[in-house]
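Hi everyone, thanks for making time this morning. Let me put the model up on the screen, and then I'll talk you through it.

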Amino acid sequence: MSAPAAAALRDSEGPAVWLGALARRFPDLLAELAPSTSRPLRERPGATRVGGTAAPVRLYVSDAIRDITDGVVELEEAVRDRLGLRRVPAASVPVRLRRVAGLLDRVADHPDLAAHIADEARRMTYRCARALGDPEQLLRVAGRCPACDSVSLRAFPERAVVMCVNPVCRHVLEGAEAVAG
């Protein structure tokens, strides 16, 4: 692997960064799914407890766990298939992420595969962050909105959208308009 290829895999947008971030955040997501026993919920008079707890199930967290787990399994299988490696036994998400990260030296010879890994790991990291309640990142964009002429243009990198955040306008910039904005 060449030095520039190795550096690209570890840069701020490279797959190693996103795989590491997802591996660190996923256990928090699992902990978020479990109802808290430290703070009792108020119960309605006459209501009975079901299953020993009155805490609600957080379906959005469960959906995020399922989506991320499926995504990591598919990502590992795709990487191993593309590199011509044999299948490995099933494992937890953090173990699978470490296995994919361990293959990044071989991935350096396949720039399209490295980009796919980075894109998927980024998507799953953002999904994990949303389920944990982290606010969506937004960046101020220089210039004025072509629809309302306000200076309220913001970029939402997770959605790959540039839009006006003026509540009256909400104009979404398209293609060349977003680049020029």
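I'll begin with the overall picture, go on to the helix packing, and finish with a few single residues.

One thing to keep in mind throughout: this is a predicted model. The protein has 7 helices and 4 strands. If you follow the sequence, the order is α-α-α-α-α-α-β-β-β-β-α. So you meet six α symbols, then the β run, and a final α.

Now some totals. Of the 181 residues in the protein, 32% are buried. The exposed area is about 11,000 Å², and 55% of that comes from carbon and sulfur atoms. For those of you who think in contact maps: taking contacts with a separation of 6 or more, 49% are between residues 24 or more positions apart.

On to the helices. Two packed helices are described by the angle between their axes and the distance between the axes. I have three pairs to show you, and α3 and α6 each turn up twice.

Let's start with α3 and α6. How do α3 and α6 run relative to each other, roughly parallel or roughly antiparallel? Helix α6 covers residues 111-131, and its axis comes within 9 Å of the α3 axis, with a crossing at roughly 170°. An angle over 145 degrees counts as roughly antiparallel, and so that is the description for α3 and α6. On the α3 side, the contact includes Tyr60, Val61, Ile68, Val72, Leu75 and Arg82. On the α6 side, the residues include Asp112, Leu113, Ile117, Met124 and Ala131. Sorted by class, this contact has 12 nonpolar, 2 polar and 7 charged residues.

Next, please look at α2 and α6. Their axes are 8 Å apart, and the packing angle is about 30°. That angle makes α2 roughly parallel to α6. The crossing of α2 with α6 is left-handed. From α2, the contact draws on residues including Trp18, Leu19, Leu22, Phe26 and Leu29. Their partners in α6 include Ala114, Ile117, Ala121, Met124 and Tyr126. The class count here is 15 nonpolar, 1 polar and 2 charged. Ile117 and Met124 belong to the α6 side of this contact, and both also belong to the α6 side of the contact with α3.

The third pair is α3, residues 59-82, with α4, residues 93-102. These helices pack at about 30°, and their axes are 10 Å apart. That makes α3 and α4 roughly parallel. Their crossing is left-handed. In α3 the residues involved are Thr69, Val72, Val73 and Glu76, and in α4 they are Val93, Arg96, Leu97, Arg99 and Val100. By class, that gives 5 nonpolar, 1 polar and 3 charged.

Val100 deserves a slide to itself. Is Val100 buried or exposed? This α4 residue has 2% relative accessibility, so it counts as buried. Setting aside neighbours within four places in sequence, Val100 is in contact with Leu19, Glu76 and Ile117. Leu19 is part of α2, Glu76 is part of α3, and Ile117 is part of α6. Val100 and Glu76 sit 24 residues apart in sequence, with 6.0 Å between their C-alpha atoms.

Let's compare that with Leu33, in helix α2, residues 15-33. At 30% relative accessibility, Leu33 counts as partly exposed. Beyond its neighbours within four places in sequence, Leu33 is in contact with Arg58, Val61, Ser62 and Ile65. From Leu33 to Tyr60 it is 27 residues in sequence and 9.1 Å between C-alpha atoms.

Over in the strands, Leu173 lies in β4. It counts as buried, with 6% relative accessibility. The C-alpha atoms of Leu173 and Val161 are 7.5 Å apart, at 12 residues along the chain.

Finally, something for the backbone enthusiasts. Most residues other than glycine have a negative phi. Which residue in the loop between β1 (139-140) and β2 (153-156) has a positive one? That is Asp149, with phi near 65°. Asp149 counts as partly exposed, at 49% relative accessibility. Arg170 also has a positive phi, near 60°, and lies in the loop between β3 (161-164) and β4 (172-173). Arg170 is partly exposed as well, at 45% relative accessibility.

That's my tour, and I'm happy to take questions.

Methods: Residues numbered from 1 in each chain as written. Predicted model: local features only at pLDDT ≥ 70, side-chain atom pairs only at ≥ 80, totals over all residues. Heavy atoms only, no water. Buried < 20%, exposed > 50% of the residue type's maximum accessible area, 1.4 Å probe, protein only. Contact = heavy atoms within 4.5 Å. Areas by Shrake-Rupley, 256 points an atom, 1.4 Å probe, with all protein chains shown as cover. Axes fitted to C-alpha atoms, helices over the stretch in contact; angles between N-to-C directions. Parallel < 35°, antiparallel > 145°, perpendicular 65-115°, else oblique. Left-handed = near helix turned anticlockwise from the far one by under 90°. Nonpolar A, V, L, I, M, F, W, Y, C, P; charged D, E, K, R; others polar.
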